[in-house]
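Here is a short report on one protein chain. Please keep the structure open while reading.

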Amino acid sequence: MSFATEAAELDARDPLSGKRAEFDLEPGLSYLDGNSLGAPPRTVATRLEEVIRKQWGGRLIRSWNEGWWSAPERVGDRIAPLIGAAPGQVVVGDATSVNVFKAVVAAVRLNPGRPEILLDAGTFPSDGYIVDSAARLTGHAVRRVAPSEMAGAVTERTAVAVVNHVDYRTGRLHDLPGITAALHAAGALAVWDLCHSVGAVPVGLDAAGVDLAVGCTYKFLNGGPGAPSFFYVPARYHDRLDQPLTGWAGHADPFGMAEEYAVAPGVSRARTGTPDILSMLALDAALDVWEDVTIEQVCEKGLALGDFFLRCLDGLVPGAEIVTPRDHERGNQISVRWPDAGRVMGLLTERGVIGDFRPPDVLRFGLAALYVRYRDVLRAAEELAAQA
């Protein structure tokens, strides 16, 4: 059977094939960069027009009391099932880097007397910048450790470890339950970055006993460029979390204008500033595409897309250096090491196959299962073969 025939048969049998029609994508485009910026669901533009014309334009400031102010918690509850969290433990707002800072400082305050922070050695650079800055402010030392080595590296000096669930370069899926358990056994806390796993693979935060977690919403959740991130705070910390950016949105009575800060109850204590309503409600609309699918279905298709892509690469581009695990210990992306990767990805993009690259030489192909087709990954392999 040819790869083209196999791709056609797999697309025909795909139970998620109808979801692509819910996204605003050109029919002939193979968009394999949803791990950087998700495609826009069609509902978003209509919903934003309503928000701008009817809520902002029609109701004006009254809209704050008609759903705007509570949107961070409400939208957080929509994300919660995708990361294995019970309601009332996820709040949306602020950029990912801001929430990483809040989580790191809050974690070391929850676990005082331990002078060290462990940091995923392959972390997304922004996380590293933030952790280093937070450590300077709190007087902690930072030690970079590969996630696979954290169980042996954690000591009684470790306050917290900050780990990426999926490696942004290679797509490797790290052992969230195992690493969390090892950290807890040594008395340390676990902060997880879920940016490349939320909306792609099951996470299971509550089941694993994760302490704090942060994730973005503009990748596999399709919230749009600059969409706000989310902050997971389990209920067991709702009376103890002491986050450092105590802005008015996290106040118990934000409109009371008191001079002294009084922390809000529940997960709202993780809020900081005024919600970005347009981005927040665009994300809310984008989450509608999840109403009739589960994260398990999406993960199953994402892994199947990856398996097919690997077979295509092996057959059409023999010798290509695959840096993503071939087993299923991966997120929904395949990464290939390639000479002159930036130029080659530019050529693929001109040909209608959009992925991205990470310096110095890694091509990344995101497999957002809600809209990527088997024919798209075959096309990517064929275009790479033409560059070999």
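The sections below cover two pockets and one strand of a predicted model.

## Largest pocket

The largest pocket holds about 220 Å³ of space. Its lining counts 17 residues. Nearest the centre of this pocket lie Thr96, Ser97, Phe124, Cys195 and Tyr218. Two elements each give two or more residues to the lining: α4 (96–110) and α5 (125–138).

By residue class, the lining of the largest pocket splits into 7 nonpolar, 6 polar and 4 charged residues.

## Second largest pocket

About 170 Å³ of space lies in the second largest pocket. Leu10, Arg13, Asp14, Pro15 and Leu16 are among its lining residues. So are Gln297, Glu300, Lys301, Ala304 and Tyr374. The elements with two or more residues in this lining are α1 (3–13) and α10 (295–316). The biggest share comes from α10, which supplies 4 residues.

The lining of the second largest pocket divides into 5 nonpolar, 1 polar and 4 charged residues.

## Strand β3: burial

Is strand β3 buried or exposed? The strand spans residues 116–120, and 5 of its 5 residues are buried. The cover extends to both faces. Glu116, Leu118 and Asp120 are buried on one side. Ile117 and Leu119 are buried on the other. Glu116 and Asp120 count as charged, yet both are buried here.

## Strand β3: neighbours

Which strands pair with β3? One partner is β4 (residues 141–145), which runs parallel to β3 over 5 bridges. Within this pairing, Ile117 of β3 stands opposite Val142 of β4. The chain passes from β3 through α5 to β4, and this β-α-β crossover is right-handed.

Another partner is β5 (residues 158–164). The pairing of β3 with β5 is also parallel, with 4 bridges between the two strands. Here Leu119 has Val162 of β5 as its bridge partner. Ile117 and Leu119, the buried residues on one face of β3, thus each appear in a pairing: Ile117 with β4, Leu119 with β5.

## Linking the parts

Helix α5 appears in two of these sections. It gives two or more residues to the lining of the largest pocket. It also lies on the path of the chain from β3 to β4.

Notes: Residues are numbered from 1 along each chain as its sequence is written. This is a predicted model: local features need pLDDT of at least 70, side-chain atom pairs count only at pLDDT 80 or more; totals for chains, interfaces and linings use all residues. Side-chain values use heavy atoms; hydrogens and water are left out. On a 1 Å grid over the protein atoms alone, a cavity is a set of points where a 1.4 Å probe fits but cannot get out, and a pocket is an open set with protein on both sides within 12 Å along at least five of seven lines; lining residues have an atom within 4 Å of a point. Grid points are joined across faces, edges and corners, and a volume is the space filled by probe spheres set on the points. Buried means under 20% relative accessible area, exposed over 50%, partly exposed in between (1.4 Å probe, protein chains only). Two strands pair if DSSP finds at least two bridges between them. A crossover is right-handed if, with the strands pointing away from the viewer, the path from the first strand over the helix to the second runs clockwise.
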